Structures are given as structure tokens and as C-alpha cells.
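User: I am new to this structure and would like a close look at its salt bridges. Could you walk me through the charged side chains, one pair at a time?

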Amino acid sequence: MKEVEYNIFNLGTKIVRFKLPKDFVDDINQAYDDKSKELKPHNDQLAGKIADEKAIDEILTDEMRNNFQNLFYHYLTIVTNNEIWEPVLGQAWINEMKSGEYNPVHYHTSPVSEIGLSSVLMLKRPEWYGIEASREEAPANGWLEFTGGDQAPLSRSQVRVDAQVGEFFVFPYSLLHGVYPFNTTDEVRRTLSYNCDLIRK
């Protein structure tokens, strides 16, 4: 994969947003569309109130896995000038969120390591997330939110983003995050999440 653009959000803990190429996103969507009916449900391992959550390790090519591992390594280089951590890919899954479904605020864990990185890649999204119940100038429907928890006057406790297709957010397991429900559409909001354990070199 060519060099990708990125931005950093800082809640004390850093979130890095990478912008991935369209062909990479298209390849993942195509692989999922071709095999989704054969994939195992992953709901019992996840926090989401989402009917279609499926483990996808078996549909990812070696090239896709290598690209994700390189992005996790890139995160470590950006945030820590990494010298001690080896990123080791864990579980990958896709959430296909429909109107009324949501992902409550949660954090990630691993049976292998207490330290790791999680991620969200936007694969598909509705053109419109529907009617906001109030305050349309401050939308939340379908948006991804990260919560840092620090309420100090000069700190930033929350970041809410209207994630676009191709945006890949990487952040530590311990960072609280969630997705608000949306309405008034039959279109789906499809995301891929990948866990990556950090093992001391």
C-alpha cells in the first residue's frame, strides 16, 4: 500500500485516523459480500446491539493482513517512536449496523495481552443517518464517539466523528468508544474492526 494520510486526535490517549485507498476498501467489501452468508456470527464476543456481527479472519488475504499490521506498526511509530512493542494481529470482524441498532460505550480486551490496539475502518455508510430528535446543529446519529474521561478545563474529554468510507481509526484497547444509532433509512453502516495485541520485543 502507498503512503497514507493521517490525522491525530488527542484525549491524553492518541487516536490516529488513516485514510486508506478506495481499492483496498472495495476489495474487503467484495470479499465480505461474496462470503458473508458463510461466516460465523461473532455477537457473543462483542458489546454491540447489532444483529449482523461476523468474524472475518478467513476472508482476509495475506496482503490485507500485512497492510493492517503495517498500519498498527505505523501507529506505534507515530505515537511512541516504537522500540519495545511488536504488533501481533488478533481477531477481525465486521459490524453491519442497521437502523435502530447501536454499539454501546465499551473497550477491548484480549486473552493474550493486557496492552493492545483496536481499530475501526468505515467500509459503507448511509447517505443520511436520519432525523435528529433535537439539536440538528449538533448531530450524533450514526457517529463514532471516543471518550477519554478527563473533565479538566483545558482537556478534551470526547471526540465525536462522522466517519467516512476509507477512514481507519486506531487507538488503544483501553479507550472507551461507541456508535450512536441512526434511523429513517434502509442503508447499512458497515465497519471492520481489528484487534492487535502488543507484545514486548
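Analyst: Here is a tour of the charged pairs, followed by a charged residue that stays unpaired.

This is a predicted model, and it holds eight salt bridges. Side chains of opposite charge can pair when their charged atoms come close.

Let's begin with Arg-190 and Glu-96. These two form a salt bridge whose closest N and O atoms are 2.5 Å apart. Arg-190 belongs to strand β11 (residues 189-200) and Glu-96 to strand β4, so the bridge links distant parts of the chain, with the two positions 94 residues apart in sequence numbering. Both partners are tucked away: Arg-190 is buried, with a relative accessible area of 3%, and Glu-96 is buried as well, at 13%. The pair also has company, as salt bridges with shared partners join Asp-33, Glu-96 and Arg-190 into one network.

Next, look at Asp-52 and Lys-98, another salt bridge, with the closest N and O atoms 2.5 Å apart. Asp-52 sits in strand β3 (residues 52-55), while Lys-98 is in the loop between β4 (85-97) and β5, so this pair ties together parts that are 46 residues apart in sequence. Here the partners are partly exposed: Asp-52 has a relative accessibility of 27%, and Lys-98 has a relative accessible area of 30%.

A further bridge joins the side chains of Lys-35 and Glu-38, with 3.9 Å from N to O. Lys-35 is partly exposed, at 39% relative accessible area, whereas Glu-38 counts as exposed, at 55%.

Finally, what about a charged residue without such a partner? Glu-132 is buried yet has no salt bridge. The nearest side chain of opposite charge is that of Arg-160, 7.0 Å away; a salt bridge would need a nitrogen within 4 Å of a carboxyl oxygen. You can find Glu-132 in the loop between β6 (116-124) and β7 (144-147). Its side chain does have a polar neighbour: one of its polar atoms lies 3.1 Å from the backbone nitrogen of Asn-141. Setting aside residues within four places in sequence, Glu-132 is in contact with Pro-139, Ala-140 and Asn-141.

A side chain without charge offers a similar view. Asn-103, in strand β5 (residues 103-106), is buried at 12% relative accessibility. A polar atom of the Asn-103 side chain lies 3.3 Å from the backbone nitrogen of Gly-48. Beyond its neighbours within four places in sequence, Asn-103 has contacts that include Ala-47, Gly-48, Asn-95 and Val-179.

Technical notes: Residues numbered from 1 in each chain as written. Predicted model: local features only at pLDDT ≥ 70, side-chain atom pairs only at ≥ 80, totals over all residues. Heavy atoms only, no water. Helix = DSSP H or I, 4+ residues; strand = E, 2+ residues; numbered from the N terminus. Buried < 20%, exposed > 50% of the residue type's maximum accessible area, 1.4 Å probe, protein only. Lys, Arg positive; Asp, Glu negative; His and termini not counted. Polar contact = N/O pair within 3.5 Å; in protein donor to acceptor, adjacent residues only side chain to side chain. Contact = heavy atoms within 4.5 Å.
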